[in-house]
Amino acid sequence: MVGVVLVGHGGFNKLEYRLNIPVPKPGPDEVLIRVAAAGVNNTDINTRIGWYSKSVKASTGEAATQAQDADATWTGAPMSFPRIQGADCCGRIVSVGNNVDPRRVGERVINANTLRFYVNYRPMESWVFGSECDGAFAQYMKAPSCEAHKVDCDWSDVELASVSCSYSTAENLLHRAGLKPGEHVVITGASGGVGSAAVQLAKRREAFVTAVAGPTKANEMRKLGADRVIARGESLTKHLGKESVDVVVDVVAGPAFADLLDVLKKGGRYAVGGAIAGPIVELDVRTLYLKDLTFFGCTFQDDAVFKNLVSYIERGEVHPFVGKTFPLKNIAEAQQEFLSKTTSGKLVLIIPD
């Protein structure tokens, strides 16, 4: 089959487009999916450059190959190469393992973002496509049947392929933080995949949403439902005032971290699912305990998160936000555009027939 394999941590030259990759064989509890489209995510780039290694201290845009291979996966284990990346998949089931109902063949599915099946459902543990196992940047991929979710909706394959990683990460952030109707939430990185999904999902929960995004993207944020938009790099405390926000949903971290805590009310909640601007932040511990703040690290997803997300799609409660598509062979161009942050919405790769 045709696909892109990652042959080591490093630059774009580590992505090799190949025509002769063996088609995977599903195990007894797995399904084989013919991939139609696959979204581009930060995690694909972070895994390629080894950013998950604790030896990396820079932002995701600056890191590039500082990693120690020994701990550069989501689980902290060494990465195995070659690896087919691709955390997002939309495709159709073409065959099933012996323990799977054969009537699943033909279903259009998207994949859960965190895979609990492969770790025997141990609490707070999971694998991720493209990190611990092969993903969707190829014509075929295998997945646990229980984590390949049928979706009945009128979205295109490209639109559905934009969902798994970003929307489930966003829903998990709001789920963990327990965002309630009427609460004020600040969402950083709001024009990106996770951020734009979080804006929609927070409005679905009837919250008041302040989006932090690039200065040219304010209108797009309002179209998604943001009540207020603040340009990235400007002081939140200056615009919102101290202790004015119930929840912060953060995928950026970096130098703005202290400002995010300053706008939280006493008893406020901070949920984080990324660190685009850098993983090392300055924390005044007095702010944490004197304001009775609660921090949520959000990687592992409860089973309800993805099932809820599928139900939102099928009921038309969220909408796709695709910025641009690329053919799979142009994956390096797609990742370069992703890193440039010039395009709002998800970038999606079209898998060849």
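Four of the five residues of strand β15 are buried, so β15 is largely enclosed by the rest of the structure. This is a predicted model, and every value below is computed from it.

## Around strand β15

β15 spans residues 346–350. Two strands pair with it. Strand β3, residues 30–39, runs antiparallel to β15 and is joined to it by three bridges. In that pairing, G39 has V348 of β15 as its bridge partner. Strand β14, residues 322–327, runs parallel to β15, with five bridges between them. Here F326 stands opposite L349 of β15.

A helix belongs to this arrangement too. β14, α10 and β15 together make a right-handed β-α-β unit. Helix α10 covers residues 331–340, and the loop between α10 and β15 holds K341. K341 has a positive phi, near 55 degrees, and is not a glycine. Most residues other than glycine have a negative phi. K341 counts as partly exposed because its relative accessibility is 38%, between the 20% and 50% cut-offs.

## The six-stranded sheet

Another part of the model is an open sheet of six strands. Their order is β10-β9-β8-β11-β12-β13, and the pairing is parallel. The edges are β10 (228–231) and β13 (294–297), each of which pairs on one side only. On average, neighbouring strands of this sheet are turned by 20 degrees against each other, direction ignored.

Take strand β8, residues 184–187. Which way do its side chains point, and are they buried or exposed? H184 and V186 point one way, V185 and I187 point the other way, and all are buried.

β8 pairs with β9, residues 208–213, in the parallel sense over four bridges. V185 stands opposite V209 in β9. β8 also runs parallel to β11, residues 245–250, and three bridges join the two. Within β11, V247 is the bridge partner of V185, and V248 is the bridge partner of V186. V185 therefore has a partner in β9 and one in β11, by the DSSP bridges used for pairing.

The connection from β8 to β9 involves helix α4, residues 193–204. β8, α4 and β9 make a right-handed β-α-β unit.

The bridge partners named so far are set out below.

| Residue | Partner | Strand of partner |
|---|---|---|
| V185 | V209 | β9 |
| V185 | V247 | β11 |
| V186 | V248 | β11 |
| G39 | V348 | β15 |
| F326 | L349 | β15 |

## Backbone features in loops

What is the phi of A253? Its phi is positive, about 55 degrees, although A253 is not a glycine. A253 lies in the loop between β11 and α7, the latter covering residues 257–263. A253 counts as buried because its relative accessibility is 7%, under the 20% cut-off.

A cis peptide bond joins F81 and P82, with omega about -5 degrees. Most peptide bonds are trans. P82 is found in the loop between α1 (42–49) and β4 (90–96).

## Two residues and their distances

M124 is found in the loop between β5 (108–111) and β6. M124 is exposed because its relative accessible area is 57%, over the 50% cut-off. The C-alpha atoms of M124 and D302 are separated by 8.7 Å, though these residues are 178 residues apart along the chain.

A177 is placed in helix α3, residues 164–177. With 4% relative accessibility, A177 counts as buried. The C-alpha atoms of A177 and V281 are separated by 20 Å, and these residues are 104 residues apart along the chain.

## The second largest pocket

The second largest pocket has a volume of about 220 Å³. It is lined by 16 residues, and the closest to its centre are P24, I84, D134, G135 and K142. Which strand gives the most to this lining? Strand β6, residues 140–144, does so, with three residues. By type, the lining divides into 12 nonpolar residues, one polar and three charged.

Conventions:
Residues are numbered from 1 along each chain as its sequence is written. This is a predicted model: local features need pLDDT of at least 70, side-chain atom pairs count only at pLDDT 80 or more; totals for chains, interfaces and linings use all residues. Side-chain values use heavy atoms; hydrogens and water are left out. On a 1 Å grid over the protein atoms alone, a cavity is a set of points where a 1.4 Å probe fits but cannot get out, and a pocket is an open set with protein on both sides within 12 Å along at least five of seven lines; lining residues have an atom within 4 Å of a point. Grid points are joined across faces, edges and corners, and a volume is the space filled by probe spheres set on the points. Ala, Val, Leu, Ile, Met, Phe, Trp, Tyr, Cys and Pro count as nonpolar, Asp, Glu, Lys and Arg as charged, and the others, Gly among them, as polar. Buried means under 20% relative accessible area, exposed over 50%, partly exposed in between (1.4 Å probe, protein chains only). A crossover is right-handed if, with the strands pointing away from the viewer, the path from the first strand over the helix to the second runs clockwise. Axes are lines fitted to C-alpha atoms, for helices over the stretch in contact, and angles run from 0 to 180 degrees between N-to-C directions.
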